[in-house]
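I opened this notebook page to record what I looked up about two chains and the interface they share. The entries follow the order in which I asked.

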Amino acid sequence: MRKSTLLWLVLAAFCGTALFHTSQKVHDERNKLAALNASIANEKESIRVLNAEWGYLNNPQRLETLAKTYLHMKPLTGTQFINVEDIPLRTAAPPAPPAPKIVAEKPAAIKAHPRRLAAVERPMTIRIRKPAAPVYFKKRHKQRDNVLKSRDAATARNFGDVIKSLGVE
Amino acid sequence: MAFDLFHGRKLTISGTQAQMLEQARLRLVWVVMVMMMGYIAIILRMGDLCLLHHKSMSLPANNGAVAANEKPLRASIVDRNGNLLAVSLRMASVYANAKMVHDPAKLAQKLAAILPKQTTGELFKRLSSGKGFVWIQRFITPKQEYAINALGDPAIRFQEEQRRIYPDANLAAQVVGYTDIDSHGIAGIEKFFNKRLAAGGKPLRLTLDMRIQHIMRQDLAKSVKTFHALGGAGIVMDVTTGEIIAMVSLPDFDPNHLGEATNAEKFDRATLGDYEMGSTFKTFSIAAGLDSGKVHLYSVFDASHPLKIDQFTIHDFDAKDRPLTIPEIYIYSSNIGTAKMAQSLGPDTIENFYRTLGFMQQVPIQVPERAMPLYPSPWRLVNTLTAAFGHGIAVSPLHVVRAASAIVNGGILLKPTLVMPDDPNAAPEGTRVISADTSAKMRRMLELVVAGGTGSEAWVKGYDVGGKTGTADKNKNGKYENHANISSFLGVFPIWHPRYVVLALLDDPQGTKATYGFSTGGFTAAPVVGDVIARMGPLYGIQPRMDITRKRIEKEMKPYLKEYKEGQAIAALSTDN
């Protein structure tokens, strides 16, 4: 066998392997792409469902009921508007208050009582109590957390209920 | 020639044999060349595909697989702020091949346990029918799908379908419309834009504002309930663009439960109902008079005696028994005065003007439910006189709103629209129907009606509202019913720079103690309009005007009011007709 024949054979084998490898890779990539496309479609579908739920939750009638129940706010009326010009703006610095009038002269120095002076001179000891260790109501915290959790669960409605309320079983 | 065929033994061929070999070699070369050319062609094409055309070729191959087995979801419908009004979701439907069912009774029992809407008997009937395709149930939940799948019966199959969902239920039921179970639009926007929606893609953006729609629906429903009316209609339209901001018809229905809706609920009173509007029409006949130049604000018509024409007699409900100026005719709502004014214009003026305003054809609007107005044909003199005060001609509330927009916006009649234009800066196209000057005069009179006339219930502190009440005896099969009214109020605000026309109409309202038994537009419909404006103004950031007071308006119009005393106009409230 000639050297060149061998070379060609090797080359052919290499090409064959490379081709097989590439085609397998393409096959894999295609599968991956299909899976990605499917998951995109899935995501889009869930976005639609969530949007529908958002629309349902944003029903003006529902929002109004919620606002009435939980917020202490009232609808705005036309009489609550004022013009910007009507707002009194702060002008320059406020005028300085007039200087105090002197009605009496400085009183003469008063001599201190001798007993008071003695009190100042005698040092006093003050006992400082050691602060008590803080008490943590761990149990209560936990209880409160549980209450909050259950409240969250009560307010969060899943979309299944929404669909059900629309009459789809 | 030397061939190494026999393991090193040399062989020489010559003579004829050599010639033959040479020929064979040549043939071989030809074959190889042809094959080579073939290969070269393939290599070139491969290079072409890989390097030059790889993008355009690869796309359909990849996406085709996904797109082929899925019908596009019907496009959503959203309001002007992007809030969902209708959306399609994928849901599974379950069906069976009845030929493959072995034990229909057992299967029916199992299915009925999973699907609470179905009964065993009904399912058994279907499963034992022997048909190749029977629906078990359309649209089931994922849980039910899982449970049915777990039965493992080969006769049961699933099909993915889309279902239309209306998150806001009743809110804009008639306008948005609805689809059948196969998602084909059969009413409203859903029908009008069926092709566009079925193709999927971008949501269809309407001009409706869910918030205003809600306000209008709530206020109208309150009034319908208070006055025990059969129903009502309410419209808010932007007079500068023709956009419909809200359109309500009561009673309404939940399009998610279409089976429970009655025909009366599905009926869109706002676009499909024809009503004689009564005095509201004086707005149009007086505008025709002022615009013709034959009548002026200070023109006087004698309303002291009923007007006889042919066998008809035209009365005033609250006769002033004296000559009245045009603004007086308008605020006291004098039928005699209006009829006499119409008479003075000549026979064709009113008819032609009504035609220009679109009262003799359907309103061009993007729903299939459009009313054809009812008007007299042939149009005789008596028709001119009655039509001038809104009798003998019936149009839909949308007709009135559209025409009123033209009266107040400076005189341009616009096409009302329910769909946001693609280009928000494009100027709307319209036809001039009256002069800007006539429009300004009409606005002053509309303002006066609310400031001190029959429409004072629509007065909103801080907002300059104008309007006109209308009450007409209900016409049933050609006969007027004495105790049944169509009561309406046409409101405009802000009247100094009109932006919105608000119309409320009540079908057969009954008076209550609070209204002294009256069921006229001023008592029943005007408060609805006032309430809508009071809530809508701040929402849209419209600047209130505290300098507008009733007294000032009355003073300004005083030159045109002959025997006008302050507050006197309010006395006319109960006598609106």
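The entries below take chain B by itself and then its interface with chain A.

Entry 1, chain B. I note at the outset that this is a predicted model. I looked up the secondary structure of chain B and found 21 helices and 20 strands. Of the 577 residues in chain B, 52% are buried, and the chain exposes about 26700 Å², of which carbon and sulfur atoms supply 57%. I also checked how contacts are spread along the sequence: among those in chain B between residues at least 6 apart, 71% join residues at least 24 apart.

Entry 2, extent of the interface. I asked how many residues of each chain take part, and found 37 residues of chain B in contact with 28 residues of chain A. Between them the two chains bury about 2700 Å², with 60% of that area on carbon and sulfur atoms.

Entry 3, polar links and the side contributed by chain B. Between chain B and chain A I found two salt bridges, one of which joins the side chains of Glu64(A) and Arg535(B) at 3.4 Å, N to O. I then looked up polar contacts, where the count is seven residue pairs, both residues being at pLDDT 80 or more. The elements of chain B that give two or more residues to the side touching chain A include helix H2 (54–68), strand E4 (156–165) and helix H20 (526–539), while E2(B) provides the largest share, six residues. By residue class, I recorded that this side of chain B divides into 18 nonpolar, twelve polar and seven charged residues.

How values were computed
Residues are numbered from 1 along each chain as its sequence is written. Chains are lettered from A and ligands numbered from 1 in the order in which they are written. This is a predicted model: local features need pLDDT of at least 70, side-chain atom pairs count only at pLDDT 80 or more; totals for chains, interfaces and linings use all residues. Side-chain values use heavy atoms; hydrogens and water are left out. Contact means heavy atoms within 4.5 Å. Buried area is the accessible area (1.4 Å probe) that two parts lose on being put together, summed over both. A salt bridge is a side-chain nitrogen of Lys or Arg within 4 Å of a carboxyl oxygen of Asp or Glu. A polar contact is a pair of N or O atoms within 3.5 Å; within protein, one must be able to donate a hydrogen and the other to accept it, and residues adjacent in sequence count only if both atoms are side-chain atoms. Helices (H or I, at least four residues) and strands (E, at least two) are DSSP runs, numbered from the N terminus. Ala, Val, Leu, Ile, Met, Phe, Trp, Tyr, Cys and Pro count as nonpolar, Asp, Glu, Lys and Arg as charged, and the others, Gly among them, as polar. Buried means under 20% relative accessible area, exposed over 50%, partly exposed in between (1.4 Å probe, protein chains only). Accessible areas come from the Shrake-Rupley method with a 1.4 Å probe; for residues, only the protein chains shown count as cover.
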